[in-house]
Amino acid sequence: MADWFPFPQHLTEPHPGHEAHLCMAENLGFVKSNLEDYKKFVRDPQFLCKKCGRAAVKAENLCEPDKL
Ligand SMILES: [Zn+2]
Ligand SMILES: [Zn+2]
């Protein structure tokens, strides 16, 4: 597992579990600085975020996951 993600602090805003959402990692600029690591979370995606269109392997890494 990556050492930068999910983030150690537990967020309740905008919803619980947001610290593990790739949507937030991108917003904070972590995707660019951890690109190789980020690929592990999005390779062979099974879920799609209905909010931003991002894809991820695990539903827990998206704000509004929808099965692909
Ligand atoms: Zn999203
Ligand atoms: Zn979220």
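Start with the whole chain in cartoon view and follow it from one end to the other: along the sequence, the pattern reads α-α-α-β-β-β. That makes three helices and three strands in the protein. Keep in mind as you look around that this is a predicted model.

**The whole molecule**

Stay zoomed out for a moment. The radius of gyration of the protein is 11 Å, close to the 11 Å that the globule rule gives for 68 residues, so the protein is as compact as a globular protein of that length. Turn the C-alpha trace about, and you will find that its principal axes span about 30 × 25 × 20 Å. If you like to colour by burial, expect buried residues to make up 18% of the 68 residues. If you prefer to draw contacts, take those with a separation of 6 or more: 32% of them link residues 24 or more positions apart.

**The sheet**

Next, show the strands. They form an open sheet of three strands in the order S2-S1-S3, with antiparallel pairing. Select 55–56 for strand S2 and 65–67 for strand S3: both stand at the edges with a single partner strand each, so one side of each is left without a neighbour in the sheet.

**A closer look at one pairing**

Now select residues 47–49, which are strand S1. How many bridges join S1 to S3? Three, and the two strands run antiparallel. To see one residue pair in this part of the sheet, pick Cys 49 and then Pro 65 in S3, its bridge partner.

Technical notes
Residues are numbered from 1 along each chain as its sequence is written. Chains are lettered from A and ligands numbered from 1 in the order in which they are written. This is a predicted model: local features need pLDDT of at least 70, side-chain atom pairs count only at pLDDT 80 or more; totals for chains, interfaces and linings use all residues. Two strands pair if DSSP finds at least two bridges between them. Helices (H or I, at least four residues) and strands (E, at least two) are DSSP runs, numbered from the N terminus. The radius of gyration is taken over C-alpha atoms; the globule rule is 2.2 Å times the number of residues to the power 0.38. A residue is buried if 20 or more other C-beta atoms lie within 10 Å of its own, exposed if 12 or fewer, and partly exposed in between; C-beta atoms are placed from the backbone. Two residues are in contact if their C-beta atoms, placed from the backbone, lie within 7 Å.
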